[in-house]
Amino acid sequence: MTERIQEFLRARRREGRDNGPCLVVDLDVVRDNYRDFSRALPDTRVYYAVKANPAPEVLSLLASLGSSFDTASVAEIELALAAGASPERISFGNTIKKERDVARAYQLGVRLFAVDSEAEVEKIARVAPRSKVFCRILCDGSGAEWPLSRKFGCAPEMAPRVLELAQANGLIAYGLSFHVGSQQPNPRMWDKALESCANIFRELAERGVYLQMVNLGGGFPTRYLKSVPKVRIYGNAIFRALSKHFGNRLPETIIEPGRGMVGNAGIIEAEVVLISKKSDDDPLRWVFLDIGKFNGLAETTDEMIRYPIRTPVDGAAVGPCVIAGPSCDSVDILYEKTPYELPVSLEIGAKVLIEGTGAYTTTYSSIAFNGFPPLEAYVI
Ligand SMILES: *Cc1c(COP(=O)(O)O)cnc(C)c1O
């Protein structure tokens with residue numbers, strides 16, 4: 001919680017504008033995070049994953065600091081351009097794109113595309129000639145708190161064929177990418193994926209295709225309830241793994257941090273709407289907030305991300321609570337399987353602060369499910 005956010009929320013309350021949950025993002029924290037990433041991985045270019053928080057102020061700040069951008073759609077490309085990024089600093093990193101969107105990205109100047117299949121290579125060869133492509137490989141994301149499925153990436157054995165096809169179709173077979181799973185608390189998870197990458201580099205070199213780049217993806221964690229290693233520790237582990245597998249011929253590298261760049265920069269202020277019990281002898285209290293799965297806290301799905309929640313009565317005796325959102329959908333429960341300890345003196349109407357909410361909140365907020373507006377957001 002920064003002093004600037006505290007002051008902003010006090011002013012909002014004083015002016016009576018506090019009639020719904022809101023996210024406040026402190027740009028000073030984003031600036032510090034960008035600096036930490038650049039120092040931890042000094043020879044690596046940062047491509048901020050726009051989907052984590054596409055607020056124009058966040059993108060403009062990062063563009064001014066020298067960041068590049070990982071985008072997943074034409075709309076995200078346009079946001080990055082509007083924030084001042086030139087097209088050479090934009091990667092179209094989604095492996096599943098409509099051909100007309102690839103064409104539009106190419107018209108806008110984008111020349112770097114992700115693929116994980118031969119059919120996608122063919123689309124890019126048709127409408128984005130001579131562009132650079134990198135092939136995403138499947139990667140074991142175990143240990144990640146927000147694991148990624150098999151939706152993106154191909155088996156490492158398939159990557160050489162995909163990249164050879166790219167080269168044969170006039171594209172530049174540029175490199176490889178992987179993602180170790182979002183909120184990855186283990187810095188050693190990059191090692192195995194980098195071993196696969198080095199093997200693919202060698203295999204393709206034997207066939208006259210010389211890859212240049214490894215995209216190390218995202219996965220860098222932010223602090224929720226548990227503490228996580230500093231980004232410097234990730235930088236060291238990644239550098240060691242790169243040296244181990246590539247020797248003296250280190251490839252160009254890029255990272256695509258999303259959560260790690262903006263997660264700890266945001267705080268959501270929410271309000272307790274109701275505290276009740278389901279029966280007289282219910283050991284659990286039900287605490288209903290004015291924010292839930294559909295207006296910002298989608299990452300509580302399966303109770304995967306456990307946000308720190310601060311109350312005005314922290315320090316008082318606590319008891320177990322189920323925490324739920326305001327909508328009439330019965331899946332709109334944030335924490336139940338593992339109840340959340342909150343002060344017993346917490347009252348209806350109290351304001352609570354949900355920390356670590358700068359990433360994956362506004363973008364996951366529905367337009368008006370049940371009439372609840374999308375999450376209001378301020379960037380200061
Ligand atoms: C979402 C995404 C990221 C960001 O991941 P984080 O775990 O938030 O750092 C990076 N790269 C790609 C391709 C993504 O889709």
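This briefing describes the ligand surroundings and the enclosed cavities of the structure above. The model is predicted, so local features need pLDDT of at least 70 and side-chain atom pairs count only at pLDDT 80 or more, while totals for chains, interfaces and linings use all residues. Residues are numbered from 1 along each chain as its sequence is written, and side-chain values use heavy atoms, with hydrogens and water left out.

**Ligand surroundings**

- Around the ligand stand 13 residues (a heavy atom within 4 Å of it), of which K51, S182, E256, R259 and Y360 come nearest.
- Among the polar contacts (pairs of N or O atoms within 3.5 Å), a polar side-chain atom of S182 lies 2.5 Å from an oxygen atom of the ligand, and a polar side-chain atom of H179 lies 2.9 Å from an oxygen atom of the ligand.
- G258 takes part through a polar backbone atom, which is 2.9 Å from an oxygen atom of the ligand.
- Of the 390 Å² of accessible area that the ligand has on its own, the protein covers 88% (Shrake-Rupley method, 1.4 Å probe).

**Cavities**

- Two cavities of 30 Å³ or more are counted, a cavity being a set of points on a 1 Å grid over the protein atoms alone where a 1.4 Å probe fits but cannot get out.
- The largest cavity has a volume of about 80 Å³ (the space filled by probe spheres set on the points), and its lining residues (an atom within 4 Å of a point) include H179, F152 and R136.
- The second largest cavity holds about 40 Å³ of space, and its lining includes F294, D332 and F372.

Terms used:
1 Å grid on protein atoms, 1.4 Å probe; cavity = no way out; pocket = protein on both sides within 12 Å on 5 of 7 lines; lining within 4 Å. Polar contact = N/O pair within 3.5 Å; in protein donor to acceptor, adjacent residues only side chain to side chain.
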